[in-house]
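Hi,

Here's the structure I said I'd pass along. Have a look at it first, and my notes on the ligand site and the cavities follow underneath.

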Amino acid sequence: MSSDQSTGSETAPMDNLSHESRSFAPDPAFARDAVAQQSLYAEAGEDRLAFWAAQARELLTWETDFTETLDWSNPPFARWFGDGRLNAAYNALDRHVEAGNGERVAIHFEGEPGDTRTYTYAQLTEEVKKAANAFTALGVTAGDRVAVYLPMIPEAVITMLACARIGAAHSVVFGGFSADALRSRIDDAEAKLVVTADGTWRRGKPSALKTAVDAALADGKSTVENVVVVKRNGEPVEWTEGRDQWWADTVETASAEHTAEAFEAEQPLYILYTSGTTGRPKGILHTTGGYLTQAAFTHRNVFDLRPETDVYWCTADIGWVTGHSYVVYGPLVNGATQVIYEGTPDTPHQGRWWELVQKYGVTILYTAPTAIRTMMKWGEDIPGQYDLSSLRVLGSVGEPINPEAWMWYRRVIGGERCPVVDTWWQTETGAIMISPLPGVTAAKPGSAQVPLPGITADVVDETGASVGDGGAGYLVVREPWPSMLRTIWGDPDRFVDTYWSRFEGMYFAGDGARKDDDGDVWLLGRVDDVMNVSGHRLSTAEIESSLVGHPAVAEAAVVGAADETTGQAVIAFVILRGSAADEDHDAMSETLRQHVGKDIGAIAKPRKVLIVPELPKTRSGKIMRRLLKDVAEGREVGDATTLADSTVMNQIAADFAK
Ligand code: PRX
């Protein structure tokens, strides 16, 4: 399963260059009143640490003010605002109520079947206080970990904030991940409590969730002591007495009196697992003060947020970092009103999102390029049937956005009047790092453009030297930033190796990038073995290790092939073991797709599993994935002269084309 490390960077949208010269100057009226101002860059440029200290004090309420902004005496282990103390949930909730905004809507929830719920800040605060009391009664204390395996329902937000309130770190596991994936994350974090639901709605049908939790905990040997279950769709559930509790019996009956205790700024806030270059997902650790500062700063300035009047909607699931920073922490710390939608964009019809924009008067929309490209395919008549005139800022995240999709988003959804912000960041960075600022930056379709004030992102060559305008290389961050990951949970060496060893003293993001002649940054996709499918991060090694875990498989190689809609698609090449090789290949391919789905989750299922007699290997036995990627993307196979057997690729290319 070794790789030649040369895959990944060819995923850039092909039509970048033709649009490069194009840019949209900020609308003067928008610019005049914009939340973000050009002066932020100068301020941050003059004294980056003073800038972040000022933001931390302006955006957050500290129980104890900090005296030191950054402790970087032991790089790459950073401490931001180290001697300050605060409570994350108090910042997201109570203080808004105390400021007289208790009646402001925090969440407009819309379930897939059309059920709705509204929570004001006062109501949400009350629910979080109850959940904090309930979790405490179940033995959860500061420093513990809580696994969250929930659909996009208000209880997910309530659970996360209740954990934060009592100083326990949440570890949200995307509801689409399998029981095995859930178990490995529970084990790695040594979670004490799991919060889940009986099920959720998916494309009009009920789908189960608790069954995966039961399967994950079946051997009774995990660290989990209790499972709290939200009743969402009435799916039948098995019950383990003594371990399982209904949300209705524990949380809803708990006292709504709870005083938030302040924790130190570096108190772990959450762990979020993400794919890396090896088979084992990494538990990215975020802490409190710095993370909240940058989440709130970016949410306010990148989206031009006006909490009194805006209705904000981020379509990401809480299972991903976007749901953490831009559904839970950024918007709520800023006192925003937001929409949360449980379902898929095409249920019960392909206009569902636009119907919601119209219904709630959404003013700021934040979504992923894959969704935009899917809507493009469905046709502009569909959004055309709804009143989208409330929209005023549009955001994109998760993968490179091709200029064509950017232009469509701006024209069809934004009516040519809304600034589009393409925001680059990662689970590891915690918050947006590179993005235009609406009203300030002249926008270029397809480019994330400029590091935000206070962020020193750059593009460097192999030696770590900054490339000039017009050059290409690797994306790095030169200086620590407040919402940076603090470590990989339980594996500080891997943290140092993965991010801080490639270039001396710099954070290596794993993305290729180039600077255009104006110095604007264009993201070119991953330079490692991480794939990006519909904005979801998957590792080739993780899927390969699932495939070779199947008894019929001898060897496997996985590549991410460019895909018009999903950005990349997973394509697997496998060699079967002895007798399995004689079985029907179509049936076996399907079996293996399902196997990966069960092992990791449906999002990781390969689009295609091609059974091959041999894989392309160098004389030293390394699989040359670059060649497999050529085949998967329908290109002429590149230089194969270093292969031990140069005829292998002819056979694979012929089989793939069948
Ligand atoms: O390759 C980059 C891509 O998504 C990766 C991070 O994935 P994840 O940690 O799952 O976080 C996604 C949501 C922040 C990055 O290394 N990526 C993210 N945003 C962009 C992007 N690629 C290009 N343009 C973006 N705006």
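Keep in mind that this is a predicted model. I started with the ligand: 17 residues surround it, and the closest are Asp422, Thr427, Asp511, Arg526 and Arg537. Two of those arginines also turn up in the polar contacts. Arg526 has a polar side-chain atom 2.7 Å from an oxygen atom of the ligand, and for Arg537 a side-chain N or O atom is likewise 2.7 Å from a ligand oxygen. Thr423 comes in through its backbone instead, with an N or O atom 2.8 Å from a nitrogen atom of the ligand.

How much of the ligand does the protein bury? On its own the ligand exposes 540 Å², and 96% of that is buried by the protein. As for where the shell comes from, helix H12 (321–333), strand E20 (420–423) and strand E25 (521–526) are the elements that each give two or more residues to it. By type, the shell splits into 6 nonpolar, 6 polar and 5 charged residues.

Now the cavities. There are 5 of them at 30 Å³ or more. I took a look at the second largest, which holds about 50 Å³ of space. Its lining is made up of Ala88, Ala164, Gly167, Ala168, Phe263, Gln267, Pro268, Leu269 and Thr288. What kinds of residue are these, nonpolar, polar or charged? The lining has 6 nonpolar and 3 polar residues, with no charged ones. The shell around the ligand, by contrast, includes 5 charged residues.

Cheers

Methods
Residues are numbered from 1 along each chain as its sequence is written. This is a predicted model: local features need pLDDT of at least 70, side-chain atom pairs count only at pLDDT 80 or more; totals for chains, interfaces and linings use all residues. Side-chain values use heavy atoms; hydrogens and water are left out. On a 1 Å grid over the protein atoms alone, a cavity is a set of points where a 1.4 Å probe fits but cannot get out, and a pocket is an open set with protein on both sides within 12 Å along at least five of seven lines; lining residues have an atom within 4 Å of a point. Grid points are joined across faces, edges and corners, and a volume is the space filled by probe spheres set on the points. Ala, Val, Leu, Ile, Met, Phe, Trp, Tyr, Cys and Pro count as nonpolar, Asp, Glu, Lys and Arg as charged, and the others, Gly among them, as polar. A residue is near a molecule or strand if one of its heavy atoms lies within 4 Å of it. A polar contact is a pair of N or O atoms within 3.5 Å; within protein, one must be able to donate a hydrogen and the other to accept it, and residues adjacent in sequence count only if both atoms are side-chain atoms. Accessible areas come from the Shrake-Rupley method with a 1.4 Å probe; for residues, only the protein chains shown count as cover. Helices (H or I, at least four residues) and strands (E, at least two) are DSSP runs, numbered from the N terminus.
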